[in-house]
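This report describes selected features of one protein model for a reader who is new to structural work. Please look at the sequence and the structure below before reading on.

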Amino acid sequence: MSSGDLDALLRVTSATYRGEVPPDVAFGTYDGAVGRLVLAVSGKGVVACSFEAEDTVFELVVRHVGAFIGPDPGRLDPVRRELDAYFSGRLRAFATPVDLSIATSFARTVLQKTMAVPYGNTATLDEIGESIGRPRALRAVGNALNANPVCVIVPCHRIVPADGELGDYAGGQAAKRHLLNVEQRSRA
């Protein structure tokens, strides 16, 4: 889907929406300290908080969650406010529920363990692998983290390689370093 196709689809969805019937999935963006994040919120929770391009996230949401997607500030604004509070160091735990419908079954298991890593701490890929009973599946664990559809809120930035390096991150190493620094500063 090209960017023009996405724009046209969003215009049609917006015209159809007209505030009378809310979309199944609220869709929009958030510009924050680590760049632009694409947001999608279903009736179950945040489906996407992603560094991916809008059209890529849109296609994933259509394929896995629902086809009636459009703007709905009433559902997006609480997530944006929580992200603002997180980036300013005032929020340690997101209250907005997470909907991991886009993730595979294995990735959901990995991401749920990732959500248990406390604010301001890190865990290693090895520790996550061991906690899910797959100590030798480090590449699969890493792939699940790299495909995290709900970055920042599901804190895959807290997972690092055993060698002490930062490791890969969907938003890049600078974004990962920034997120870890925000948590370290507010913990201090």
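## The largest pocket and its surroundings

Helix α2 gives the most to the lining of the largest pocket, with 3 residues. The model is predicted: local features need pLDDT of at least 70, side-chain atom pairs count only at pLDDT 80 or more, and totals for chains, interfaces and linings use all residues. Residues are numbered from 1 along each chain as its sequence is written, and side-chain values use heavy atoms, with hydrogens and water left out. Helices (H or I, at least four residues) and strands (E, at least two) are DSSP runs, numbered from the N terminus.

The volume of the largest pocket is about 270 Å³. Of its 19 lining residues, the closest to the centre are L60, I102, A147, N148 and P149. A pocket is an open set of points on a 1 Å grid over the protein atoms alone, where a 1.4 Å probe fits, with protein on both sides within 12 Å along at least five of seven lines; lining residues have an atom within 4 Å of a point. A volume is the space filled by probe spheres set on the points, which are joined across faces, edges and corners.

The table gives the lining by class, where Ala, Val, Leu, Ile, Met, Phe, Trp, Tyr, Cys and Pro count as nonpolar, Asp, Glu, Lys and Arg as charged, and the others, Gly among them, as polar.

| Class | Lining residues |
|---|---|
| Nonpolar | 13 residues |
| Polar | 5 residues |
| Charged | 1 residue |

Strand β3 (46-50) is among the elements that give two or more residues to this lining. Since 5 of the 5 residues of β3 are buried (under 20% relative accessible area, 1.4 Å probe, protein chains only), β3 is largely enclosed by the rest of the structure. Strands β2 and β3 run antiparallel and are joined by 4 bridges; two strands pair if DSSP finds at least two bridges between them. One such pairing links V41 to V46 in β3. The two strands form a hairpin with 4 residues between them, and G45 in the turn has a positive phi of about 150°.

Helix α3 (residues 73-87) has 15 residues and reaches 20 Å from its first C-alpha to its last, close to the expected 21 Å; the expected span is 1.5 Å times one less than the number of residues. Its buried residues are L76, V79, E82, L83, A85, Y86 and F87. These residues pack against β1 (25-32), β2 (35-41), β3 and α7 (173-187).

Terms used
Buried means under 20% relative accessible area, exposed over 50%, partly exposed in between (1.4 Å probe, protein chains only). Contact means heavy atoms within 4.5 Å.
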